Amino acid sequence: MTIKFAAIGINHAHIYGQVDCLKRAGAEFVAFHAVEDDLAASFGEKYPETRRVVDPRAILEDSSIAVVTTAAIPGDRAAICISAMQHGKDVLTDKPGMTSFEQLAEVQRVQQQTGRIFSVLYSEHFEVPAAVEAGNLIASGAIGEVVNTVGLGPHSLRLNKRPDWFFTRNRYGGILCDIASHQFEQFLFFSGAMDGEVISANVHNRNHPQRPGFQDVGDAHIRTDRTTGYIRVDWFTPEGLPTWGDGRLTILGTEGYIELRKYVDIAGRPGENHLFLVDKQGTRHIDCSDVDMPFGRQFLDDVRNRTETAMPQQRCYNAMKMALTAQALAERGTEWQQ
């Protein structure tokens, strides 16, 4: 059965990855809704097989469309997902899936009420071959039991290319809610856990006083009953780096460790998806460029079979719960301009 899907809200460029993920897995992209003409023009050129609709109800009320994907402004994503589920659609959203505890509670309520799938495409895990291969290696026992992770998510700001919502606290959700949700999900995944605890968290605006609602750095200490972790995300990637960010992840096990340089090896190896494995045999570099990424196929199988193979619903929610908890803890006692 070919699954048809549509997009509502294309404000973040991650929408291209979401669409490509579903198309690679065999789904048919049939429609999209976007308010912004400039975004719609370039998006339509990339996907000429689809059609732009003026009213999102043309998607929501089309019974032939099984899946809705969205990368709308973060503050709007929960409402889109809720409406889609209420119309009988499964949903795949960009991170963050929501920007408040109230939105999280409502998404959970509607998902349980409707029996639909609510999923977040954490692209720094599911769309990064090196991260997928790290999961394969750990599952095979390559480094023993995981005891600690360190996830770093530096990003390039490129001020002149960012819309106003990107700097408005209640629209993007805060730095830990937004980009660090990637790291929270990976911590749970590599820990083999469904939930975790936030021990401490910080957010700051260190170098952008002209944007008072913006947070340019944040970090958090986290744990489960068997693992601990540290997360740091920031917008301080230097212009000299030849890519948008130097995403890194170190996974410490009882018998070795893995380090990922997801997007660039600053020592000079070409390309992306560099994995370094250190164990009792020695050290080695693994090029993960050709590693299979099964998330899209698993998600579509879940749509067909009403299963949870791509990502357990509980971990999907709890990664966002941890991100929202860290954001709230970091902002306690402060007032960020909205």
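**Exercise 1.** Work out which helix gives the most to the lining of the second largest pocket, and how many residues that is.

*Solution.* H7 is the top contributor here, with four residues. Bear in mind that we're working on a predicted model. Next, place the helix: H7 spans 129-139, and H6 and helix H10 (295-305) join H7 in each supplying at least two residues of this lining. Then go to the middle of the pocket: among its 14 lining residues, His125, Phe126, Phe189, Pro294 and Gln298 lie nearest the centre.

**Exercise 2.** Find the volume of the second largest pocket and sort its lining by class.

*Solution.* Start with the space itself, which comes to about 200 Å³. Now sort the residues: eight are nonpolar, five polar and one charged.

**Exercise 3.** Turn to the largest pocket and say which residues sit closest to its centre.

*Solution.* First, the volume: about 1,100 Å³. This pocket has 38 lining residues, and His12, Ala13, His14, Arg162 and Trp244 are the ones closest to the centre.

**Exercise 4.** Which helix provides the largest share of the lining of the largest pocket, and what does that lining look like by class?

*Solution.* List the candidates first: H1 (14-24), H2 (37-46) and H6 (123-126) each put in at least two residues. Of the helices, H1 takes the prize with six residues, the largest share. As for class, count 14 nonpolar, 11 polar and 13 charged residues in the lining.

**Exercise 5.** Pick out a helix that supplies at least two residues to the largest pocket and also at least two to the second largest.

*Solution.* Check the largest pocket, where H6 is listed alongside H1 and H2. Then check the second largest, where H6 turns up again, this time with H7 and H10. That makes H6 your answer.

Methods: Residues are numbered from 1 along each chain as its sequence is written. This is a predicted model: local features need pLDDT of at least 70, side-chain atom pairs count only at pLDDT 80 or more; totals for chains, interfaces and linings use all residues. Side-chain values use heavy atoms; hydrogens and water are left out. On a 1 Å grid over the protein atoms alone, a cavity is a set of points where a 1.4 Å probe fits but cannot get out, and a pocket is an open set with protein on both sides within 12 Å along at least five of seven lines; lining residues have an atom within 4 Å of a point. Grid points are joined across faces, edges and corners, and a volume is the space filled by probe spheres set on the points. Ala, Val, Leu, Ile, Met, Phe, Trp, Tyr, Cys and Pro count as nonpolar, Asp, Glu, Lys and Arg as charged, and the others, Gly among them, as polar.
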